[in-house]
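Student: Could you take me on a close look at chain B, going from its domains down to how the pieces pack? I would like one connected account.

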Amino acid sequence: MTGKQVSDVQATEARAAKARIATVWLDGCSGCHMSLLDIDERLILLEDKIELVYSPLVDAKQFPKNVDVTLVEGSVSTEDDLHKIKLIRKNSKILVSLGDCAVTGNIPSMRTVFSLESVMERVYDENATINKQVPSKDVPKLLERVLTLHEVVDVDVFIPGCPPSADTIFFAISELLEGRIPDLTFTARFGA
Amino acid sequence: MPTITIDPITRIEGHAKVTIQLGEQGEVQSARFHVTQVRGFEKLCQGRPFTEMPALMARICGICPTSHLLASSKACDDIMAVRIPETAEMLRRIMNLAQIIQSHALSFFYLSAPDFLLGMDADPAERNIMGMVRKHPQMARDGIKLRQFGQRVLETLGGKRVHPGWIVPGGVSHPLQAEQRDQILAQIPDAIRITRAALQWFKGQIESFRAEVRSFANFPSMFLAMANDTNEFSAYNGWLRFIDANLNIVADHITGTDYLNYIGESCNEDSYLKSTYFKPLGLTDGVYRVGPLARLNMCQSAGTVQADEELAEFRELERHSVLSSFYYHYARLIEILFSIERMETLLNDPDILGTNVRAHASPNKFEGVGYLEAPRGTLIHHYRIDQNGLIESANMIIATGHNNQAINHGVLQVARQFVKGKKIEHGALNRVEAVIRAFDPCLSCSTHADGTMPLDIQLLSPDGEVLDRLLR
């Protein structure tokens with residue numbers, strides 16, 4: 001083998017030794033992802049241990065197979081979300097419900113007390129000037145009722161918080177990388 | 001007609017997709033940017049006490065919660081008809097500057113730098129922040145530290161990094177302590193060093209991105225930003241002003257509900273994101289841009305020493321206003337520098353430790369509007385309340401809505417420049433995504449998307465034969 005081939009093989013082996021991690025953002029505000037980034041320099045430590053195979057931060061377009069741990073932020077609010085969370089469940093060994101929107105529906109579910117029609121009317125009629133219409137082409141249909149992750153699929157770990165703190169998220173990931181289900185009883189909390 | 005779909009667009013704050021329609025010869029005929037989710041904050045707040053709005057509206061966005069917290073609190077100040085204490089205003093301005101620093105650092109280092117450092121045509125599996133950690137560890141570490149600086153300021157003042165509290169209708173909830181101030185001041189030299197190094201480096205790279213400079217939404221448009229009497233850079237105080245591409249003032253002194261006379265919102269059949277336009281000129285001719293590029297074109301000076309030096313150099317790029325949206329990145333770095341310098345000045349003002357930080361009042365008006373320059377551009381929160389102080393109606397106009405038409409323009413321009421013929425190059429498609437990244441759109445603000453479709457691009461001949469296919 002040439003030097004390049006050897007280094008390619010080494011790179012592939014190194015990748016294989018790492019845990020395959022994905023992060024997904026459904027109907028949320030990305031605050032949980034920001035809190036994940038708030039682990040700051042600890043991100044550099046993780047580089048040795050994980051391969052980020054799917055995330056808003058990387059360019060993979062298709063949710064991959066054989067993912068070790070997937071963290072999902074946000075609730076299930078559209079038909080696409082519904083389809084996607086099922087695919088994610090199928091392809092992930094451990095599924096983590098990250099943050100209050102995923103765990104309880106939180107802010108996105110506040111629209112549930114109004115009819116979907118009246119929400120659309122507010123945004124695309126009352127608060128519009130011209131071309132008043134509800135978008136219908138190339139956009140996924142909204143569900144009448146916003147759902148939590150565990151209403152749709154089995155969830156292995158719940159991390160409540162709006163958002164969960166960076167320390168909590170880092171602790172949970174570290175435990176999962178060690179093969180343990182994290183005990184978050186005194187670490188995580190709902191709300192602010 | 002063959003269609004290329006890029007779904008989802010990655011390394012942006014929110015998800016969206018792009019469709020590109022090709023003609024018979026494989027030439028790009030049209031291209032559209034679609035935002036595919038909406039949460040309806042303008043409805044779900046109805047019937048709630050107006051004092052709840054800042055904490056609720058902050059949840060619009062986890063990247064710029066402080067911007068929404070501030071714009072919302074300003075709208076509430078207006079409803080209470082109070083002038084907040086001077087110290088409170090200075091403290092709010094520090095929060096706004098910290099927000100700009102962390103959000104711009106995220107956009108530049110975490111989301112876009114992989115394109116600059118690893119290359120627009122680099123292996124998609126490597127072209128991200130983790131790839132930067134491996135190949136350019138110093139740059140990655142600097143980016144992490146700079147974002148951390150902004151986040152730490154928010155945490156020191158607001159109690160936590162994402163969705164902080166502290167900013168309330170009438171001011172802020174409690175005064176700043178001397179040790180908190182000193183803690184922040186101690187971190188400033190390092191933040192300046194990182195920003196200056198990034199600026200130096202980026203300026204050296206521009207030459208190798210000539211094609212991108214030429215095609216990244218590079219067109220004459222109007223600009224909207226906040227302005228004030230001094231014509232210095234303004235992100236918290238002032239009124240709204242529109243200028244044209246030759247820097248002439250088109251509309252000025254827009255305050256309170258006046259914005260409704262100048263800004264129209266048009267729905268799109270194929271996107272949950274509405275497009276705003278300058279009302280007097282209509283949808284097609286009323287295209288304008290907001291954000292760092294608009295702000296630097298708008299102001300006469302930054303008002304701080306180092307940022308003014310950089311601004312002078314920036315102005316030499318083009319004769320009148322700087323028009324290429326590729327320069328949003330450059331403008332973002334100058335704004336970080338300005339924000340750190342301005343923050344230092346504010347912290348060194350003895351009044352910053354003042355203890356009168358909150359005005360108390362019941363509602364004195366039924367309507368209130370708050371304007372603010374969020375990292376991505378002008379943010380408007382507008383509420384109406386009933387006799388009991390409960391929200392009757394709300395309207396929010398958010399930076400990415402202002403930029404929606406310009407983003408669509410840029411997507412088409414880049415597609416025409418780079419997507420050609422019968423072979424699909426993933427580097428070309430990454431450039432279509434990169435023009436969107438230049439605007440740093442925040443789709444979690446007001447909307448937010450998801451794509452279930454894998455990126456499966458097929459280039460078909462007019463008779464349906466698959467000419468090329470790209471899957472990732």
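Tutor: Happy to, and let us begin with the domains. Chain B is divided into domain 1, covering 3–38 and 408–471, and domain 2, covering 41–350 and 366–401. Please keep in mind that this is a predicted model. The C-alpha centres of the two domains of chain B are 27 Å apart. Where the domains meet, domain 1 of chain B contributes 31 residues and domain 2 of chain B contributes 34. On the domain 1 side, β3 (28–35), α14 and α15 of chain B each bring at least two residues to this contact. The largest share of that side comes from α15(B), with 9 residues. Sorted by class, the domain 1 side that touches domain 2 of chain B has 12 nonpolar, 13 polar and 6 charged residues.

Two of those elements also pack on each other. Helix α14 (399–418) and helix α15 (426–439) of chain B have axes 9 Å apart, at an angle of about 155°. Angles over 145 degrees count as roughly antiparallel, and α14(B) and α15(B) are therefore roughly antiparallel to each other. Their crossing is right-handed. From α14(B), the contact uses B:N403, B:I407, B:G410, B:V411, B:V414, B:A415 and B:F418, and these meet B:A428, B:R431, B:V432, B:V435, B:I436 and B:F439 of α15(B). In terms of class, the contact of α14(B) with α15(B) comprises 10 nonpolar, 2 polar and 1 charged residues.

α14(B) has a second set of neighbours, in a sheet. The helix lies across β12, β13 and β14 of chain B, and runs at about 130° to β13(B). These strands form an open sheet of 3 in the order β12-β13-β14 (chain B), with antiparallel pairing. At the edges are β12 (367–374) and β14 (391–397) of chain B, each pairing on one side only. From one strand to the next the twist averages 10°. Helix α3 (65–80) of chain B packs on the sheet too, where it touches β12 and β13 of chain B, and its direction makes about 150° with that of β12(B). Within the sheet, β13 (377–385) of chain B pairs with β14(B) in the antiparallel sense over 6 bridges. To find one point of this pairing, look at B:I380, whose bridge partner in β14(B) is B:I397.

Now for the helix pairs elsewhere in domain 2. Helix α4 (86–118) of chain B packs against α6(B) at about 160°, their axes 9 Å apart. That makes α4(B) roughly antiparallel to α6(B). The crossing of α4(B) and α6(B) is left-handed. Their contact holds 17 nonpolar, 6 polar and 1 charged residues.

The next pair is helix α7 (178–205) and helix α13 (328–348) of chain B, whose axes come within 10 Å and cross at roughly 155°. α7(B) and α13(B) are therefore roughly antiparallel to each other. Here the crossing is left-handed. The residues that α7(B) gives to the contact include B:I184, B:L185, B:I188, B:I192, B:L199 and B:F202, while those from α13(B) include B:Y330, B:L333, B:I336, B:L337, B:I340 and B:L347. Charged residues take part as well, among them B:R181 and B:R196 of α7(B) and B:E344 of α13(B). In full, the contact of α7(B) with α13(B) has 14 nonpolar, 2 polar and 3 charged residues.

A hairpin is worth a visit too. Strands β7 (239–243) and β8 (249–254) of chain B pair in the antiparallel sense over 3 bridges. B:I243 has B:I249 as its bridge partner in β8(B). Between the strands of this hairpin there are 5 residues, and B:L247 takes a positive phi near 70°.

Finally, let us turn outward to chain A. In this contact, 58 residues of chain B meet 55 residues of chain A. On the chain B side, two or more residues each come from α1 (41–44), α5 (129–135), α6 (137–158), β9 (263–268) and β10 (271–278) of chain B. β9(B) gives the most to that side, with 5 residues. By class, the side of chain B that touches chain A has 19 nonpolar, 22 polar and 17 charged residues. Among these elements you will recognise α6(B), the helix that packs with α4(B).

Notes
Residues are numbered from 1 along each chain as its sequence is written. Chains are lettered from A and ligands numbered from 1 in the order in which they are written. This is a predicted model: local features need pLDDT of at least 70, side-chain atom pairs count only at pLDDT 80 or more; totals for chains, interfaces and linings use all residues. Two residues are in contact if their C-beta atoms, placed from the backbone, lie within 7 Å. Helices (H or I, at least four residues) and strands (E, at least two) are DSSP runs, numbered from the N terminus. Two strands pair if DSSP finds at least two bridges between them. Axes are lines fitted to C-alpha atoms, for helices over the stretch in contact, and angles run from 0 to 180 degrees between N-to-C directions. Angles under 35 degrees count as roughly parallel, over 145 as roughly antiparallel, 65 to 115 as roughly perpendicular and the rest as oblique. A crossing is left-handed if the near helix is turned anticlockwise from the far one by less than a right angle, and right-handed if clockwise. Domain bounds come from an automatic or database domain assignment.
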